[in-house]
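Q: Please take a close look at the strands of one chain and how they are arranged into sheets. I would like a connected account rather than a list.

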Amino acid sequence: MQAAPYRPASADIVLETLPAGTATLRTLRQNQIAASSGKSVSLDDAMLIARRYIELGQTQSDPRYYGYAEAALQPWWNQPGPAGLRVMRARILQFRHQFLAALAELEPALQTDQFNGDAWLLFAVIEQVQGNVSAARAACLKVIPITDPLVGSTCVASVGAMSGKAEKSAALLQSALQQATAADASTRIWAWTSLGEIQARRGLNNDAEAAFKQALVITPDDVYALAAYSDLLLQTRRAAEVMTLLTTHRQADALLLRLAIAAMLTHDAEAGPLRDALAQRFNEARERGDEAHLREQARFTLEIDHDAATALSLAQKNWKVQHEAADAELLLAAALAAQQPQAAQPVLDWIKSTGIEDVRAAELVKLLDAGAKP
Amino acid sequence: MRFRWRRFSVLLIAAVALFCGVDAQAHKPSDSYLNLHVENGQHDLQGQWDVALRDLDLVLTLDTNTDNQITWGELSPREKEIETYVFAHLQISADEVACPIMPTELLVDSHSDGTYAVLKFSAHCAAPPKSPPKSLSVHYGLLFDLDPSHRGLLNLSAGAITQSAVFAPEQAEITFDLAASSLWRQLLQYIVEGIWHIWLGFDHILFLISLLLPAVLIRERGRWVAASRLGAAVGHVIGVVTAFTVAHSLTLSLAVLGVISLPSRLVESLIAFSVVLAALNNVWPLVTRRAWLIAFFFGLIHGFGFASALNDLGLPKQALALSLFGFNVGVEIGQLAIVSVVVPLAFLLRRTGFYRRGVLVAGSLLIALVALGWLIERAFNISLFAQL
């Protein structure tokens with residue numbers, strides 16, 4: 001992609017399309033500067049701006065907005081501050097996969113404000129990402145009485161599904177979704193996507209697909225729902241549908257990865273260029289010292305580059321940071337491909353201790369067992 | 001699972017509505033790419049700085065007509081302003097004397113997350129005229145105030161050495177050692193790696209030994225005869241070693257430069273196969289006078305093996321030639337060390353039955369057996385020796 005620098009041939013050549021809403025953001029920032037007129041900005045104003053950027057970063061899955069949010073909070077970045085500020089910093093750190101630093105912000109926040117639903121929810125999410133099921137469940141239980149019932153139900157169900165209660169969790173989510181027609185869009189997408197993931201892990205592919213479709217009806221370009229749905233399609237050998245689903249969604253690495261896998265499986269002409277674009281992104285991330293993409297990079301190396309040994313070491317590195325079902329499946333698949341069944345041991349222990357139900361992981365474990373005893 | 005910021009959901013929905021436009025570019029954190037180049041012994045350095053248009057727009061509002069698009073017509077008239085802004089955030093000094101920066105040209109280029117302004121410049125380091133600068137300091141402060149997660153990725157090439165560094169808010173100034181010693185240090189490091197690789201890579205050693213063992217003998221009418229003069233033996237050895245060296249240097253370079261690539265399992269299997277053949281050739285000779293041909297042909301394969309070892313070390317992009325050269329020199333040194341031990345010993349023992357039967361025949365059979373084991377392991381991806 002990176003060619004030699006050039007001088008565009010004419011003035012009307014469009015070099016860059018800015019994200020929509022750039023002008024609004026600029027006004028917001030200029031107003032902020034004008035309002036402060038030399039004085040320092042108040043923390044409340046700064047948090048308002050930072051919150052706006054974090055929301056954009058989340059919907060767009062665009063790391064630059066998290067940087068802008070951090071800049072808005074810069075004068076208070078290294079100060080204790082109120083719970084709301086700490087939660088915001090934790091949110092930024094969590095996006096960058098600095099989980100321990102994020103938890104270190106949330107703990108004091110929850111000490112000063114134990115009814116902070118955002119803090120408990122974020123706490124639960126981070127514990128869950130790290131595979132700490134009981135800590136995550138405890139945090140979810142704190143969420144229930146203080147927020148929208150659908151938020152609490154989704155939190156509890158996602159954690160429950162990781163600890164051998166997949167069927168009950170799915171039922172809980174289904175009934176919560178039926179009752180929560182008034183819940184806001186972002187919560188409903190999250191709930192539907194979580195339900196889809198639970199059903200997919202139970203092997204109920206049709207139910208999973210229906211749930212993902214519900215999520216995408218609410219917001220058709222939701223990165224997380226698109227990624228989860230694409231994974232279901234890839235697992236059920238429907239790669240061609242992934243090509244259609246994601247063709248206009250390639251900004252987020254997670255989606256570009258699924259598109260590249262689908263292109264490879266369908267022998268699409270785009271397979272080569274997509275692979276190279278992803279490789280360049282991982283390279284750029286590595287150059288800046290960014291390790292937030294280990295999961296994607298390991299999967300890329302395994303499924304597109306077929307370099308099992310490298311993929312295994314990436315998957316192992318990723319497992320040190322993240323313990324979700326996807327991370328477990330990845331390490332199992334990499335250990336299988338690299339013919340190093342002993343490398344899968346930490347995942348086998350984890351599956352045993354959590355009691356997670358996951359048909360795909362179970363299938364990989366069976367293959368690993370068969371390989372280990374020829 | 002992802003965190004949902006539900007308390008502000010009204011804003012969130014508004015934001016989603018705002019952002020339904022599709023752009024084809026990737027999302028990544030903000031980076032700029034700064035390349036500095038200084039020729040050995042020169043006082044001037046040439047620079048190129050790629051800064052994302054999206055980042056510049058944040059400060060300078062390049063999208064003058066607010067249609068969310070930046071055209072060349074909007075960008076090029078702002079050249080002076082852009083240069084003034086960015087170069088106010090970059091200071092270069094040599095031996096603690098500032099090097100004034102002179103912008104030369106504004107171009108554009110695309111990176112994975114969009115189009116970047118490419119600012120070409122030169123910097124004149126007015127160090128004392130008698131000696132070229134010994135150290136170079138770069139202070140970088142672009143965009144950190146607007147985005148603390150911004151990083152400046154610096155690539156500095158000074159003569160043959162390349163150094164890279166990442167600027168961050170907590171690391172805004174970096175000093176580089178330009179003294180020639182660092183070049184030597186880097187070269188030396190790769191020479192040592194090359195020596196290690198040949199000494200630790202038993203397959204290369206056994207291949208070479210298999211080809212060298214018969215060098216002190218001459219095959220006449222189906223029988224081995226001791227070479228009468230050391231000269232004849234040395235001629236044979238030089239032929240074999242030169243052929244092996246030329247061949248593996250060739251493929252090593254081609255593979256490292258990315259011209260050719262072979263799957264590593266195939267390469268490793270072929271290397272094992274080459275050892276089997278070379279050893280068996282000593283027991284049942286097929287090729288005797290032209291052993292250099294075997295050395296050349298399989299040397300091509302061994303070169304790919306060296307390349308994967310070198311790649312595993314992680315190669316500096318710009319100092320590729322230097323590291324390649326150093327590694328190759330290291331491999332030759334390691335190889336010559338083996339030759340200088342094996343050949344004199346073999347020459348002294350060449351008339352003995354112990355050498356002809358015990359070393360040449362039994363030794364070669366043993367080598368062939370070990371290499372066959374490797375071949376099976378590598379070709380079928382199983383572990384034989386681990387169980388022993």
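A: What follows is a walk through the sheets of chain B, with a short look at a helix pair in chain A at the end.

The model is a predicted one, and within it chain B holds eleven helices and 13 strands. Of the 388 residues of this chain, 42% count as buried, and among its contacts with a separation of 6 or more, 73% are accounted for by residues 24 or more positions apart.

Strands of a sheet pair through backbone hydrogen bonds, either parallel or antiparallel. One open sheet of chain B is built from six strands, arranged in the order S6-S7-S2-S1-S9-S10 with mixed pairing. Its edges are formed by strand S6 (101-111) and strand S10 (161-167) of chain B, each of which pairs on one side only. On average, and with direction ignored, neighbouring strands of this sheet are turned by 15° against each other. Within the order given above, strand S1 (residues 31-38) of chain B and strand S2 (residues 44-52) of chain B are paired in the antiparallel sense over six bridges, and Leu36(B) has Gly47(B) of S2(B) standing opposite.

A further open sheet consists of four strands of chain B in the order S5-S4-S8-S11, and here the pairing is antiparallel. Strand S5 (97-98) and strand S11 (173-177) of chain B are the edge strands, each pairing on one side only. Strand S8 (residues 135-140) of chain B runs antiparallel to S11(B), to which five bridges join it, and Ser137(B) stands opposite Thr175(B) in S11(B).

Strand S12 (residues 217-220) of chain B and strand S13 (residues 223-226) of chain B also run antiparallel, joined by four bridges. Leu217(B) has Ala226(B) in S13(B) as its bridge partner. The two strands S12(B) and S13(B) form a hairpin with two residues between them, and in the turn Arg221(B) has a positive phi of about 45°.

For the helices, chain A offers a pair: helix H2 (residues 43-60) of chain A and helix H3 (residues 63-72) of chain A have axes that come within 7 Å and cross at roughly 170°. Because of that crossing angle, H2(A) is roughly antiparallel to H3(A). Residues making the contact include Ala46(A), Ile49(A) and Tyr53(A) of H2(A), and Pro63(A), Tyr66(A) and Ala69(A) of H3(A). By class, the contact of H2(A) with H3(A) comprises twelve nonpolar and two polar residues, with no charged residues.

Conventions: Residues are numbered from 1 along each chain as its sequence is written. Chains are lettered from A and ligands numbered from 1 in the order in which they are written. This is a predicted model: local features need pLDDT of at least 70, side-chain atom pairs count only at pLDDT 80 or more; totals for chains, interfaces and linings use all residues. Axes are lines fitted to C-alpha atoms, for helices over the stretch in contact, and angles run from 0 to 180 degrees between N-to-C directions. Angles under 35 degrees count as roughly parallel, over 145 as roughly antiparallel, 65 to 115 as roughly perpendicular and the rest as oblique. Two residues are in contact if their C-beta atoms, placed from the backbone, lie within 7 Å. Ala, Val, Leu, Ile, Met, Phe, Trp, Tyr, Cys and Pro count as nonpolar, Asp, Glu, Lys and Arg as charged, and the others, Gly among them, as polar. A residue is buried if 20 or more other C-beta atoms lie within 10 Å of its own, exposed if 12 or fewer, and partly exposed in between; C-beta atoms are placed from the backbone. Two strands pair if DSSP finds at least two bridges between them.
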